[in-house]
Amino acid sequence: MFNLKPIICPLSLVSVVAVLPFSPGLTYSANACAIVDATTQVALHQSPTPADQQNTVNTASDDNCLGNAVVGTTTQVGVGHESQQQINQGDYFVGGGDINQYGVTSPLIEVTPETQIDMQIPGYQY
């Protein structure tokens, strides 16, 4: 006489979804390895020649990487009459360690934003 199937199925699904956050054995947290290098280079000079601004970032990880992170920040500011030369090289390695006893690996996330500002300011007295 009454068809309850359409009502019971959605309620069952809602019940299972509501319980998932309270059961850590059924959900997995993100344990990605990350390398972050944020570099800022600012050159203020009177020379018509552009500044030489170089930023090289080398990253690597091993096969045992799980949940580790490396973070580096660099700021270079050059002020003068002549053109400026700013060179930065960051070498980063992130690995596993004793925490990873199960042989589980995670992806390597690399975030390497760089900001380079080269301003020629003729006639400015420093």
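Here's a quick walk through the predicted model you have up in front of you.

Some housekeeping: this is a prediction, so local features need pLDDT of at least 70, side-chain atom pairs count only at pLDDT 80 or more, and totals for chains, interfaces and linings use all residues. Numbering runs from 1 along each chain as its sequence is written, and side-chain values use heavy atoms, with hydrogens and water left out.

Okay, the overall picture. We have one helix and six strands, in the order α-β-β-β-β-β-β along the sequence. Helices here are DSSP runs of H or I, at least four residues, and strands are runs of E, at least two, numbered from the N terminus. Of the 126 residues, 25% are buried, meaning under 20% relative accessible area with a 1.4 Å probe, protein chains only; exposed is over 50%, and partly exposed is in between. Contacts mean heavy atoms within 4.5 Å. Among those between residues at least 6 apart in sequence, 88% join residues at least 24 apart.

Now, strands. β1 and β3 run parallel, joined by twelve bridges; for pairing, DSSP has to find at least two bridges between two strands. His45, for instance, stands opposite Gly80 in β3.

Let's stay on β3, residues 69-80. Which side chains point to the buried face? That's Val70, Gly72, Thr74, Gln76, Gly78 and Gly80, while Ala69, Val71, Thr73, Thr75, Val77 and Val79 point to the other face and are not buried. As a rule, in a regular strand the side chains alternate between the two faces of the sheet.

So what sits around Gln41? Gln41 is in strand β1 and is buried, with a relative accessible area of 0%. The Gln41 side chain makes a polar contact with the side chain of Gln76 at 2.7 Å, and another with the side chain of Gln116, also listed at 2.7 Å. A polar contact is a pair of N or O atoms within 3.5 Å; within protein, one must be able to donate a hydrogen and the other to accept it, and residues adjacent in sequence count only if both atoms are side-chain atoms. Not counting residues up to four places away in sequence, Gln41 touches, among others, Gln53, Asn55, Asn88 and Ile117.

Last stop, the largest nonpolar core: Cys33, Ile35, Cys65, Val70, Tyr92 and Val94. The term covers buried Ala, Val, Leu, Ile, Met, Phe, Trp, Tyr and Cys residues joined through side-chain atoms within 4.5 Å. β1 and β4 each supply at least two of its residues. Tyr92's contacts include Ile35, Val57 and Val70.
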